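Hi,

Here is the structure I promised to pass on. Have a look at it first, and then read my notes below.

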Amino acid sequence: MHSFLQILKKLDTKIDRTGERLKDRKVNFYPTVVGPIVFLVFALVAFLIMPSQVKVQQQAATTARTFPILLLQIMIVGSVALLVTEIVKILRKTELEVVQIELLTEIKALIILLMLILYAILMPLIGFIPSSLLFSVAMLYFFRIKKVSYYLIIIFSALVIGLIFRYLLGVRLP
Amino acid sequence: MDLFIQGFQQFFTLSSFIYINIGLILGLIFGAIPGLTVILCIVLFLPFTYTMGAIDSFMFLLGIYCAGGYGGSISAILINTPGTPHATATMADGYALTKKGESRKALNIALQASTFGGIFSAFTLLFFAPQVAKFAQKMGTPEYFLVCLFGLTVIAGVSGDSLIKGMISGAFGLFISTIGLDPMTGSTRYIFKNINLYSGFDLIICLIGLFALSEVLGKSQKSNQNTISSLDEVKSESGKISKMEYKRMALPSLMSAIIGVIIGIIPGTGASMASFVSYDRARQMSKHKEEFGKGSVEGIAAAETANNAVTGATLIPLLTMGIPGDGAVAIMLGALMINGLTPGPNLFAKHGVTMYAIMIGLIFVNIFMFLQGKALTKYFARVVSVPVSILTPIIVIFCFAGAFSVNASMFDVGVTLVFAVIAYLFKKLNFSTIPVLLGLVLGAITEENFRRSLILSDGSWKIFVQSPIAIAFLVVIALTIVIIGVNHIKDSKRSI
């Protein structure tokens with residue numbers, strides 16, 4: 001137990017140091033340019049794979065492709081319009097919208113996402129309630145919570161939610 | 001009249017009252033805690049409505065929706081942080097009263113004004129919805145497609161900083177809704193030979209990812225702790241409102257109720273706009289303009305009346321034509337569909353009794369909101385200090401259990417994670433997720449009416465300009481686009 005607490009303490013110090021190092025690191029990001037490009041690429045890829053993904057059997061007034069094609073066209077036209085606006089801004093030497101992304105915030109979001117993925121993987125392997133307990137404890141540790149009462153509350157809540165779904169709503173959770 | 005009586009009988013059951021009250025408690029809690037939203041609450045508890053009937057599930061969701069409106073004012077008044085965006089107008093005067101040691105009075109005004117606004121709105125719904133429904137029944141498939149298009153355009157225009165971005169988001173949501181089997185031809189669309197995708201994405205699974213799990217990812221940039229409120233201070237005050245104060249609040253409240261209803265009927269406008277417009281109107285009308293922002297009872301009454309007056313009014317286009325006025329109501333539309341009630345002009349004709357039961361229920365939702373607020377506000381004051389660090393894992397557990405429970409499938413849990421990442425990226429790219437939600441909700445009916453219209457006309461687009469109603473809708477859509485465009489240009493010039 002003592003050695004476990006010491007490991008936790010060491011880990012805490014390491015996390016604090018890494019956090020301190022990353023705290024002021026920022027990356028410039030141009031959402032007004034990246035956004036339309038993302039949607040343009042998405043729409044073009046969807047267009048390209050359409051023949052293999054949406055089979056059309058008959059020549060009728062409308063087919064299974066009619067509506068998706070219309071939507072992809074809207075996305076392409078919209079994205080191009082947004083991009084043209086940005087290009088005009090560049091040509092006129094007007095400043096583009098810049099967002100400063102904090103590296104630490106994004107890494108934290110990535111860690112939360114990894115924890116969520118791990119939770120989803122563990123759910124069918126060890127069961128809903130045990131995986132929920134592990135996840136909630138890990139999440140409190142992520143938030144650097146030291147109060148034992150919080151851990152007890154969260155463990156109790158995880159158990160209650162599991163039991164509500166299983167017995168009150170009749171859902172057969174893993 | 002028969003429908004009214006039958007509707008009342010269907011509504012007046014013990015289960016309705018129980019679900020109303022559970023919904024109200026949840027709505028008050030989620031509304032009161034800054035960082036938690038009414039949409040999040042509705043999404044989290046939507047899986048619970050699976051086992052309920054249409055009326056019970058709608059009562060439960062309306063309880064959350066209405067109480068969320070009032071709940072937001074609790075934290076706005078006590079800790080100067082609005083629990084919901086539309087409580088922002090209440091904040092200045094509410095918190096000013098708290099600083100004077102009159103927080104209980106501010107909470108009482110907010111509760112009474114919210115109840116008045118809610119009941120006014122519920123009666124408006126009860127009287128106007130059947131009339132609008134009669135008109136809506138005259139619409140055919142082309143007109144109904146244009147109605148969907150109108151709803152999507154408005155939401156796309158007002159949900160973000162750009163109409164084009166909103167249209168792209170809306171088209172993305174509609175596109176996602178096309179994945180799976182095409183209901184008209186039976187062809188598969190974008191399923192990548194995955195059997196789980198045959199029936200497309202379940203609406204609730206997408207919503208959990210887009211609006212609940214994405215909030216959790218967003219917690220990486222928010223503080224973990226809310227400010228602690230002073231519960232003892234709230235308990236010790238009498239909170240009495242004087243006759244003079246009631247007199248001062250009467251006219252602004254009535255005006256705000258009317259403004260809230262008018263704004264609520266227009267899709268895409270919402271409670272925030274209603275509360276700010278009403279607040280401004282009340283300030284202009286007041287003989288005590290100098291008090292606004294410094295603890296004006298009229299200011300609190302106006303803002304709170306208006307944001308709850310929106311609740312019933314938003315249901316008018318929803319129940320009569322299937323156009324949801326805002327994100328929360330769009331999710332409720334999903335609840336209707338789960339219960340086999342297809343939104344659209346025929347909803348009143350086919351399910352008139354259920355519609356009347358829901359509309360009558362809304363009046364009771366507001367009455368119970370008042371009773372709960374009166375009895376429990378002093379305890380809810382403590383809720384605003386619940387740390388987000390405790391709530392976050394609970395939200396995730398709810399999300400995973402809810403997502404799994406829809407089809408008892410781990411694939412769905414994976415889908416929620418994918419949608420959470422999509423919503424996170426949307427936020428980073430400054431694209432709103434509300435049009436995506438509307439696209440997902442309206443996707444199937446929009447496509448069905450669009451294609452049926454084209455089949456009727458043998459592929460000719462002229463069908464969309466052939467009837468007076470269709471032309472009227474096209475004009476309204478064009479006007480909406482122009483107004484939204486002009487407003488965006490004005491806003492961007494102002495910001496320069």
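Let me start with the buried side of one helix. In H18(B), the buried residues are Asp412(B), Val413(B), Val415(B), Thr416(B), Leu417(B), Phe419(B), Ala420(B), Ile422(B), Ala423(B), Tyr424(B) and Phe426(B). Do keep in mind that this is a predicted model.

What covers those residues? From chain A, the cover includes helix H2 (31-53) and helix H4 (103-126). From chain B, it includes helix H8 (163-178), helix H9 (203-218), helix H17 (388-407) and helix H19 (434-456).

I also checked the length of H18(B). This helix has 19 residues (410-428), so at 1.5 Å a residue it should span 27 Å, and its end C-alpha atoms are 28 Å apart, which agrees.

Both ends have something to look at. At the N-terminal end, Ser409(B) acts as a cap, with a side-chain oxygen 3.1 Å from the backbone nitrogen of Phe411(B). Just after the helix, Asn430(B) has a positive phi of about 60°.

Next, two helix pairs. Packed helices are described by the angle between their axes and the distance between the axes.

The pair within chain B is H17(B) and H18(B), whose axes come within 7 Å and cross at roughly 135°. That angle makes H17(B) oblique to H18(B). On the H17(B) side, the contact is made by Phe400(B), Ala403(B), Phe404(B) and Asn407(B). H18(B) brings Met410(B), Asp412(B), Val413(B), Thr416(B) and Leu417(B) to it. Of these, Asp412(B), Val413(B), Thr416(B) and Leu417(B) are among the buried residues listed above. The crossing is right-handed.

The other pair joins the two chains: helix H3 (residues 66-91) of chain A and H19(B) have axes that come within 10 Å and cross at roughly 110°. The two are therefore roughly perpendicular to each other, and this crossing is right-handed. Thr66(A), Phe67(A) and Leu70(A) of H3(A) meet Gly443(B), Thr446(B), Glu447(B) and Phe450(B) of H19(B).

One last residue to click on is Thr178(B), in helix H8 of chain B. Is Thr178(B) buried or exposed? Its relative accessibility is 0%, so Thr178(B) counts as buried. Leaving aside neighbours within four places in sequence, Thr178(B) is in contact with Phe67(A), Pro68(A) and Leu71(A) from chain A, and with Arg189(B) and Glu447(B) from chain B. You'll recognise Phe67(A) and Glu447(B) from the meeting of H3(A) and H19(B).

Cheers

Definitions and conventions. Residues are numbered from 1 along each chain as its sequence is written. Chains are lettered from A and ligands numbered from 1 in the order in which they are written. This is a predicted model: local features need pLDDT of at least 70, side-chain atom pairs count only at pLDDT 80 or more; totals for chains, interfaces and linings use all residues. Side-chain values use heavy atoms; hydrogens and water are left out. Helices (H or I, at least four residues) and strands (E, at least two) are DSSP runs, numbered from the N terminus. The expected span of a helix is 1.5 Å times one less than its number of residues. Buried means under 20% relative accessible area, exposed over 50%, partly exposed in between (1.4 Å probe, protein chains only). Contact means heavy atoms within 4.5 Å. A polar contact is a pair of N or O atoms within 3.5 Å; within protein, one must be able to donate a hydrogen and the other to accept it, and residues adjacent in sequence count only if both atoms are side-chain atoms. Axes are lines fitted to C-alpha atoms, for helices over the stretch in contact, and angles run from 0 to 180 degrees between N-to-C directions. Angles under 35 degrees count as roughly parallel, over 145 as roughly antiparallel, 65 to 115 as roughly perpendicular and the rest as oblique. A crossing is left-handed if the near helix is turned anticlockwise from the far one by less than a right angle, and right-handed if clockwise.
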